[in-house]
Amino acid sequence: MENSEARDSSQCVRVAVNIRPLITSELLIGCTDCITVVPGEPQVQIGSHAFTYDYVYGSTASPSTAIYDDCVAPLVDALVHGYNATVLAYGQTGSGKTYTMGTNYSGEGSNSGIIPKVMDNIFRRVETMKDSTEFFIRVSFIEIFKEEVFDLLDANSTNLNKGESASVLKPVTRVPIQIRETVNGGITLAGVTEPEVRSKEEMASFLSRGSLSRATGSTNMNSQSSRSHAIFTITMEQKKIARCQNGVTTDDVGDDILCAKLHLVDLAGSERAKRTGADGLRFKEGIHINKGLLALGNVISALGDEKKRKEGGHVPYRDSKLTRLLQA
Ligand SMILES: Nc1ncnc2c1ncn2[C@@H]1O[C@H](COP(=O)(O)OP(=O)(O)OP(=O)(O)O)[C@@H](O)[C@H]1O
């Protein structure tokens, strides 16, 4: 979801589908692919229904490795030019959202997943521009769990025991943070940890630290299911540096600061409660997850409707914490 009006409006929302391969546990119980790709088209077929997207990856379509180059690299480019953008991974539990986003990054040289590639790209750009531009880059990593916002980089938050019930193990010391509106209508999170990062390694250390604190639990369809929406936000501020020759400033660069945000969102699974065997606490988590996803769907529909957008139609950002946060 690109928030910039300056870019081509037809590019405002783009949807890509990634079909993951069957994993060992599925092959062992005899699962087979139920989705086919229409050759040469960004179209998939499920039974008698055909669905067309902007891009289709995996299975017999383009390789998944192309997702970053086609869909995300242009947004990193936009970030450097001062445009806000959001990448959302949406799908049912076990469909590969966390894997594709690289949200569970553990360091150790792993470069797979969208977020590690974004980090790599950003710092390569910074390196090439550093003589003419001063950069100030910050990150935050939060999760929305049962309509409450938690700071995954808060040093006081205790790590959860992966694979167990997030609801039971959610540390009582975790205090939700509040969404505030600034005087100029922007959205901020009161007291969120937002460290400055100067290298890819530093940014990666915050990603892996935050991912350890994320609420996960087990469903019938994924033994380690993310039960929250996780948002890793990169804020980039930049200012041109005046060049000097023989003690004389040759450029009039002014005081302008360019500021933009890239939100990288790994959504909680969009599954139906019946299929995941969810009951009790897990079922209640599912209700909150689906409410947030419904609000997100409504916002995307409003943004994707060119006519409404041009007429300044209402975008229902306020219907959930997820959509309120992505408004900024
Ligand atoms: N492209 C892929 N290639 C190989 N394995 C994959 C791929 N995508 C996902 N997987 C595997 O599928 C399983 C489920 O993936 P993942 O945890 O990313 O799903 P998810 O959509 O984030 O689920 P949830 O919503 O429950 O958190 C994992 O074991 C993961 O390693």
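## Close-up views of a predicted model

**View 1. Here we meet S95, a partly exposed residue with a relative accessible area of 27%.** Please keep in mind that the structure shown is a predicted model. S95 counts as partly exposed because its 27% falls between the limits of 20% for buried and 50% for exposed. Look for S95 in the loop that links β6 (85-89) and α3 (97-101). From there, the side chain of S95 comes within 2.6 Å of the backbone oxygen of Q92. Both S95 and Q92 appear in the "binding site" that UniProt lists in an unreviewed entry.

**View 2. Moving along to G96, we stay in the loop between β6 and α3.** Is G96 buried or exposed? G96 is buried, since its relative accessible area is 17% and the cut-off for buried is under 20%. The UniProt record, an unreviewed entry, includes G96 under "binding site" as well. The complete list in that entry is G91, Q92, T93, G94, S95, G96, K97 and T98.

**View 3. This view is centred on N121, a residue of helix α4 (residues 114-129).** N121 has a relative accessible area of 12% and is therefore buried, the cut-off being under 20%. Which side chain makes a polar contact with the side chain of N121? That partner is Y68, at 2.8 Å. Leaving aside residues up to four places away in sequence, N121 touches Y68, A73 and V76.

**View 4. Three strands form an open sheet in the order β2-β3-β4, paired in the antiparallel sense.** At the edges are β2 (36-37) and β4 (49-52), each with pairing on one side only. Strand β3 (residues 43-46) joins β2 through two bridges, and this pairing is antiparallel. To find one of these connections, start at T36 and look for Q45 in β3, its bridge partner. As a general reminder, strands of a sheet pair through backbone hydrogen bonds, in either a parallel or an antiparallel sense.

**View 5. Finally, we visit the contact between domain 1 (12-63) and domain 2 (64-156 + 175-242 + 264-279), as given by the domain assignment.** Nine residues of domain 1 and 11 residues of domain 2 take part in the contact. Together, the two domains bury about 750 Å² between them, with 47% of it on carbon and sulfur atoms. Which residues of domain 1 lose the most area to domain 2? They are N18, Y57 and P63, which together account for 57% of what the domain 1 side buries.

Notes:
Residues are numbered from 1 along each chain as its sequence is written. This is a predicted model: local features need pLDDT of at least 70, side-chain atom pairs count only at pLDDT 80 or more; totals for chains, interfaces and linings use all residues. Side-chain values use heavy atoms; hydrogens and water are left out. Helices (H or I, at least four residues) and strands (E, at least two) are DSSP runs, numbered from the N terminus. Buried means under 20% relative accessible area, exposed over 50%, partly exposed in between (1.4 Å probe, protein chains only). A polar contact is a pair of N or O atoms within 3.5 Å; within protein, one must be able to donate a hydrogen and the other to accept it, and residues adjacent in sequence count only if both atoms are side-chain atoms. Contact means heavy atoms within 4.5 Å. UniProt positions are given in the numbering used here, feature names are shortened, and annotations may be inferred rather than shown by experiment. Two strands pair if DSSP finds at least two bridges between them. Domain bounds come from an automatic or database domain assignment. Buried area is the accessible area (1.4 Å probe) that two parts lose on being put together, summed over both.
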